[in-house]
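I set out to record what could be looked up in this structure, beginning with one helix and working outwards. The entries follow in the order in which I made them.

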Amino acid sequence: MSKIQMFEKPLGMRDSFPKVFEQKEYIRSTARDFIRNKGYDFIKTPSVEYFETIGKASAIDESSLFKLVDNQGEMLVLRPDMTTPIARIAASKLLKEKNPLRLAYFANVFRAQQQEGGRPAEFEQLGLELIGDFSAYGDSEIVNTAAELVKALGVESFRITIGHAGILTAILENNTNNQEQVNALRQLLVEKNFVGFEEMLEELQLTEEQKGQLTRMVESSIEASPVQNFRVFLTDEQQVLLDHVETLQKLLDVQLSDPLLISFDFTLASHMSYYTGMLFEIHAAGSGFPIGSGGRYDELFKLFDEEVGATGFGIRVDRLLEVLPDKTVKEKHTLILFEEGFYQKSNELAEERRSKSERVTLQYAASVRDLDVFKQNFDEVIMVSEGGSLT
Amino acid sequence: MNELTIAMPKGRIFEEAYQMFIDAGFDLPSEIDDSRKLIVEAPNERIQFILAKPMDVPVYVEHGVADIGIAGKDVLLEQHRDVHELLDLHISNCYIATAGLPNTQMDDIAPRVATKYPTIATNFYKEKGEQVEIIELNGSIELAPMIGLADRIVDIVSTGQTLKENGLVEYEKIVDISSRLIVNPVSYRVKNERIREFVAQLKNGMNKR
């Protein structure tokens, strides 16, 4: 590696300059009002957690974790997601006070990048978790809130795709011979590698019947067949999973202003291994990557010795910024320059203006290196000096 | 109807794929006059083609500036881009293999492998448990064993003619390669219907061939 230059930052780390900072603040405050109105409470968790607990429970791949060692010799991680720390707090404390529990967060998470220097390794995530509800009403609340929130933030064109981890697993298990085959096929669906999926079907030496079922399942998904068409792939005991999805679909039809926003795709699979029930992704025109995702993750709580239902979603603020028009309002910014002997007078002038909520910068003129360049940053410049000229 | 942007690899694969689209019944301009053009419009189908280096096609598609792309499986394996692989077009079929001078062994002390595909080569030797040094070259890989830069090369083989002419023999086949239709994950959702129709028509055309 070459010598590190003084201005360099660690791989994947970014500065937020004033303009971007204000845009993020806009998202944060808009989202905060919206989410609090829905009855969710915001919380904050430490940036650093134990590797043994959060690091291992998190669905983020170990190679993406930033690890460090504390002065006791314990392995620590920079939090790679917020869902796992929230599960920790809920299981150990908050669920005893309130159940079901509604929590929200706006926090930065850390995921080490190996490829391509430019990808962020630290980014803000905005999300919420509904813990303690097994029902389709819970799922519906989360999907609906995600859709409304994205709309409230000003994203015009977006789609939500809903899948179901339980149904996908059931279909894969019904038509394969062991867990290894299920995992191999699921991994190909995570990568959305349909060509690879077909090749794998040949390779695994499945029966014609099994191959046919799986091929038809994928084809039905690509063609966006109605949900009930997937009943044929499930056994009698598994029908209850599809009942759940149909209930969810009905609830969403009632709640959502535009039902076309939603589509179902049972090949949707996530690299987040703790999703057990419905899961979804939010795609918006303007960004090449999903802006958010979520789902049901009851399994995660078993790691914390708790048996509750939980669903939630997270939105990537950096990707949201890409698709959002700049909504920040340009405010007037005034510069008051003063010369020796006019300190008090300029202060009074500045305070008078600030009391009318104007942004005012007060600056001793002789300290400025290049007045002309400096003045360009302001909308109005007032010179307080002998003669007191306005410029 | 939404406009579709399709990233195409320049050169031979372009012509083969373009013909394939025409055979599938897409109403495209039959002559592409200026070969130096980077963007070709097909207004009747509301399709825009961008012509890119084959290695760059997945980059355009991953970032969403192209909705669809045609890329060799070799490039996809090498780059691990976040794109959906929807269809095997069964064109430009070939495979990746290791090759070297006849009747030679890998050097015991410093086994070296020259390749245009460092990731594929690394993974292949890693899985075999062999420690080798990978040397990345950009072309004329066959030179490497001939002049003693490397014991083996990892490269595309289609007919084996190039290997033969340079006195090399194939040792191990690594993976089969063909051109694939790839789709950006967001376009796949946001322009779902348009892309579904496009793929269905293309598939239909392929089955007739």
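Entry 1, a bent helix. I looked up helix α3 of chain A, residues 83-97, in this predicted model. The helix bends by about 60°, and the bend lies at Ala90(A).

Entry 2, burial along the helix. I then asked which residues of α3(A) are buried. At the start of the helix I noted Thr83(A), Thr84(A), Pro85(A), Ile86(A) and Ala87(A). Ala90(A), where the bend lies, is also buried, as are Ala91(A) and Leu95(A). As a general point, I recalled that residues three or four places apart in an α-helix point the same way, because there are 3.6 residues a turn.

Entry 3, packing partners. What do these buried residues pack against? I found the helices α2 (51-57) and α10 (298-302) of chain A. The strands β2 (48-50), β5 (101-110), β6 (122-131) and β11 (310-316) of chain A are partners as well.

Entry 4, chain A as a whole. I counted 13 helices and 14 strands in chain A. The C-alpha trace spans about 95 × 50 × 45 Å along its principal axes. Chain A has 391 residues, of which 37% count as buried. Among contacts in chain A with a separation of 6 or more, 67% join residues 24 or more positions apart.

Entry 5, the contact between the chains. I listed 18 residues from chain A and 16 residues from chain B in this contact. On the chain A side, β7 (158-164) and α7 (194-203) are the elements that give two or more residues. The most come from α7(A), with three residues. By class, I recorded seven nonpolar, eight polar and three charged residues on the side of chain A.

Entry 6, the domains of chain B. The domain assignment gives domain 1 as 4-92 + 178-208 and domain 2 as 94-176. I noted that their C-alpha centres lie 30 Å apart. Five residues of domain 1 are in contact with eight residues of domain 2. The domain 1 side comprises one nonpolar, two polar and two charged residues.

Entry 7, a sheet in chain B. I traced an open sheet of five strands, in the order β8-β7-β9-β6-β10, with mixed pairing. Why is one side of β8 (133-136) and of β10 (169-177) left without a neighbour in the sheet? Both strands stand at the edges and each has a single partner strand, so one side of each has no neighbour there. From one strand to the next, the twist averages 25°.

Entry 8, one strand pair. I followed β6 (residues 94-100) and β9 (residues 152-157) of chain B, which pair in the antiparallel sense over five bridges. Here Thr98(B) stands opposite Val154(B) of β9(B).

How values were computed
Residues are numbered from 1 along each chain as its sequence is written. Chains are lettered from A and ligands numbered from 1 in the order in which they are written. This is a predicted model: local features need pLDDT of at least 70, side-chain atom pairs count only at pLDDT 80 or more; totals for chains, interfaces and linings use all residues. The bend at a residue is the angle between axes fitted to the seven residues ending there and the seven starting there. A residue is buried if 20 or more other C-beta atoms lie within 10 Å of its own, exposed if 12 or fewer, and partly exposed in between; C-beta atoms are placed from the backbone. Two residues are in contact if their C-beta atoms, placed from the backbone, lie within 7 Å. Ala, Val, Leu, Ile, Met, Phe, Trp, Tyr, Cys and Pro count as nonpolar, Asp, Glu, Lys and Arg as charged, and the others, Gly among them, as polar. Domain bounds come from an automatic or database domain assignment. Two strands pair if DSSP finds at least two bridges between them. Axes are lines fitted to C-alpha atoms, for helices over the stretch in contact, and angles run from 0 to 180 degrees between N-to-C directions.
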